[in-house]
Amino acid sequence: MKNDYLLLTPGPLSTSPTVRQAMLNDWCTWDDQYNKEIVDVIRHKLVNLATQHDNYTCVLMQGSGTASVEATIGSALSDQDKLLVIDNGAYGARMAEIAQYLKISCTTMQQKETEEVDLQKFEDLLASDKSITHVAMVHCETTTGMLNPLEKFCKIAKAYNKVVIVDAMSSFGGIEMDIGELDIDFMISSANKCIQGVPGFGFVIAKESAMQQCQGQARSLSLDLYAQWLCMQENNGKWRFTSPTHTVRAFYQALQELEEEGGIDQRQHRYKSNQLTLVKGMRELGFKTLLPDSQHSPIITSFYSPDTADYQFKRFYDQLKEAGFVIYPGKVSDADCFRIGNIGEVYPNDINRLITAIKSVMYWKK
Ligand SMILES: *Cc1c(COP(=O)(O)O)cnc(C)c1O
């Protein structure tokens, strides 16, 4: 049951042996033991992790996280509605691209990937374009590791009475928040990020009233958020089409392990320790972070590639993999970087082992 290497990536990530073990049974999709006792329990647990408010509901959706984002955008907006997307990274850009594919009216507030979200500009846009009905932002921009200003964003959006959609894919479960306090309408995440499950489905936690509004609006049968939700709601957690049963069972186990760890608060603490250990160790080796510490999430960190002709990411990657660690290529458009994630079944001691390994493979220094 031991993995060949530790994934230091933002999902799929390293899971515990017990999460992987939970997949060793086959499950029937219409049996109570699966729907009532696993799926419905997961839906309730997720709502409880997201908020103390009781007007929220949850729906699970097959596919990677993007499928859930697409289901939300494609179901929440009618043909008369207009979306404003904050784009300061690949995942913001992806939401705008989804709207474009679905022929949903959309305007993008584009910024550099290393730039903090300009909230004044956001407010000016809302004030000047009355046709905007929905706004969307990524919480942790996994492209850079930047944590976007969720609280202020929601405040402004709600002052202008907009429906708020948040891609919290790489932050939910790893960063504490109450989406009811923030008045978020739709929050999207997936199984293989901070809850530490395996890939196969995403989930949307939404105000029940916002979910009701989606009826009849979807542009796709399989990504109809409302129809999926209604089916789960009326049939004790039954999915419309074949569900990723093994993934779901592993996720149930992962949720139990999150509780055992002490909840999101404790998990955030561990991730933060990992990230601080990582940045400290990397700086001691001479690496520089792309972002200042103040903008950083405790999820993933971008480092500048060494500024020497001898350095090649592929070689660095291969040698680290050989040593038992898988890192991530960079994704920033105007800087040469690589990324190291610190979410998943990863502890500060693993990060210390990584630093030692990096030190020993810095071939360009030798
Ligand atoms: C991982 C991630 C997604 C979803 O990616 P998939 O590859 O579709 O699972 C979306 N947004 C953010 C911010 C992410 O980190």
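Reader: Which residue stands opposite Met 187 in β9?
Author: This is a predicted model, so take the pairing as computed. Strand β8 (residues 163–167) runs parallel to β9, and three bridges join them. The residue standing opposite Met 187 is Val 166.

Reader: And how many bridges join β9 to strand β10?
Author: Here the two strands run antiparallel, with β10 covering residues 201–207. Phe 186 stands opposite Ala 206 in β10. The number of bridges between β9 and β10 is five.

Reader: How many of the residues of strand β9 are buried?
Author: In a regular strand, side chains alternate between the two faces of the sheet, so it pays to check each face. On one side sit Phe 186, Ile 188 and Ser 190, on the other Met 187 and Ser 189, and all are buried. That leaves β9 (residues 186–190) largely enclosed by the rest of the structure, because the buried count is five of the five.

Reader: Let's move to the rings. Is the pair of Phe 287 and Phe 316 stacked or edge-to-face?
Author: A pair of aromatic rings is described by the distance of the centres and the angle of the planes. For Phe 287 and Phe 316 the centres are 6.5 Å apart and the planes make 20°. Planes under 30 degrees apart count as stacked, so this pair is stacked.

Reader: How many residues apart in sequence are the parts that this pair ties together?
Author: Phe 287 is in the loop between α10 (263–284) and β11 (300–304), whereas Phe 316 belongs to helix α11 (residues 313–322). Both Phe 287 and Phe 316 are buried. Because of where the two rings lie, the parts they tie together are 29 residues apart.

Reader: What about Phe 316 and Trp 364: what is the angle between the planes?
Author: Their centres are 5.2 Å apart, and the pair is edge-to-face. This one links distant parts of the chain, with Trp 364 in the segment after α12 (348–361), 48 residues from Phe 316. The angle between the planes is 85°.

Reader: Is Trp 364 buried or exposed?
Author: Its partner Phe 316 has a relative accessible area of 0%. Trp 364 comes out at 9%, and the cut-off for buried is under 20%. So Trp 364 counts as buried.

Reader: Which charged residue lies over the face of Tyr 347?
Author: Two such contacts are worth a look. Lys 193 lies over the face of Tyr 91, at 6.0 Å from the ring centre. For Tyr 347 the distance from the ring centre is 4.6 Å, and the residue is Arg 270.

Terms used
Residues are numbered from 1 along each chain as its sequence is written. This is a predicted model: local features need pLDDT of at least 70, side-chain atom pairs count only at pLDDT 80 or more; totals for chains, interfaces and linings use all residues. Side-chain values use heavy atoms; hydrogens and water are left out. Rings of Phe, Tyr and Trp (its six-membered ring) pair if their centres lie within 6.5 Å; planes under 30 degrees apart count as stacked, over 60 as edge-to-face and the rest as tilted. Helices (H or I, at least four residues) and strands (E, at least two) are DSSP runs, numbered from the N terminus. Buried means under 20% relative accessible area, exposed over 50%, partly exposed in between (1.4 Å probe, protein chains only). A charge sits over a ring if NZ of Lys or CZ of Arg is within 6 Å of the ring centre and within 35 degrees of the ring normal. Two strands pair if DSSP finds at least two bridges between them.
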